[in-house]
Amino acid sequence: MRRVRYESTGGPLFLEEAPVPEPGPGELLVRCDAVGVTLPVVRKVTEAAEPIALGGEIAGEVVAAGDGVTRFRPGDRVTGLCFGHGYADYALLHEAMASPIPDGAGAVDAVALVRSGLVALGALEAARPAPGESVLVTAAASGAGHLAVQLARARGAGRVVGAVSDAGKADFVRSLGADDCVLYSDDSWGDPVDCVLDAVGGDLLTPALSALAPHGRLVAYSSGGGTIQAYDLLVGAKSVTGFQMALIARGRPDLYEQWRRELWRMFAEGTLAPAVHAEFALQDALKAHEVIEGRANLGKVVLRP
């Protein structure tokens, strides 16, 4: 089979031939039809001290199951988070991280909706917005951000604001249901909001925190890090919460499944529509990474093995 790999920090990425892996206990062997490209994986390639296996969101058909697997069998269509080599024709997916793809949905739908949607929905839940409260979403045109905008609107936010790096993304963000769109470089992000869902981190944490109204809540779900001064929280009695989807998947599988069902229900009803910016062949993984690294995407970027 083919898979994408790299040998040193920063790449380059290259395609190589490798044996088809054997599923171990509790694992599924999946023939990949779609692979989601995410900023955390792109950052690991450019920043990690040692090369990593390019994992992430995959969707496809189960072709074999390891010992102890009870929920799936060959022929089932699944999606989930792969922690090994996912940029490949075949990948291993642990049963606990897998979920079925319903009839009427494709593999690209699955990688655009499920993992990014779970992150967006989980971050929104962590912010605990009351009906009518305002929500600001950073990286509002990203794979998770564009779903967070839609979810905030569908769940009764009184005002939804998207924050982006480029004015060219504003029309797209408004088309998702945002009332307004601001640029990171703006001197002010407009009227204060009750909740901020931040997928960027780093230097952006300061203006994101400043955008909060008194008693506002910021949920950080970025891999970009950053520092917050305690005094900035004391002024206005603001709070910051970290959110990581992996902890929910491992520790609260019941909640993970509940959120997953809600996403597919909203997809079927047409109230949640994942956008796909571009699809790339597996051998063009570098081009896909360049789109993400350049923050050029409007929605999800997908590889098609």
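Two strands count as paired when DSSP finds at least two bridges between them. With that in hand, let's work through some exercises on this predicted model.

**Exercise 1.** Find which residue is the bridge partner of valine 219 in β13, and how many bridges join β12 and β13.

*Solution.* Start with the strand pair: β12, residues 212-220, runs parallel to β13 and shares 4 bridges with that strand. Now look along β13 for the partner of valine 219, which is threonine 241.

**Exercise 2.** Work out the strand order of the open sheet and explain why one side of β10 and of β13 lacks a neighbour.

*Solution.* First, trace the 6 strands: the order is β10-β9-β8-β11-β12-β13, with parallel pairing. Next, go to the edges, where β10 (180-183) and β13 (239-242) are found. Each has a single partner strand, so one side of each stays without a neighbour in the sheet. Finally, from one strand to the next, the twist averages 20°.

**Exercise 3.** Identify the strands that helix α3 lies across, and its angle to β8.

*Solution.* Take residues 145-154, which make up α3. This helix lies across β8 (134-138), β9 (159-164) and β11 (193-198), and runs at about 170° to β8.

**Exercise 4.** Explain why cysteine 82 and cysteine 195 form no disulfide.

*Solution.* The cut-off to apply is a pair of cysteine sulfur atoms within 2.5 Å. For cysteine 82, the closest cysteine sulfur belongs to cysteine 32 and is 7.1 Å away, too far for a bond. For cysteine 195, the closest is that of cysteine 181, at 18 Å, again too far. The count for the structure is 0 disulfides. As for accessibility, cysteine 82 is buried at 3%, and cysteine 195 is buried at 1%.

Conventions
Residues numbered from 1 in each chain as written. Predicted model: local features only at pLDDT ≥ 70, side-chain atom pairs only at ≥ 80, totals over all residues. Heavy atoms only, no water. Helix = DSSP H or I, 4+ residues; strand = E, 2+ residues; numbered from the N terminus. Axes fitted to C-alpha atoms, helices over the stretch in contact; angles between N-to-C directions. Contact = heavy atoms within 4.5 Å. Buried < 20%, exposed > 50% of the residue type's maximum accessible area, 1.4 Å probe, protein only.
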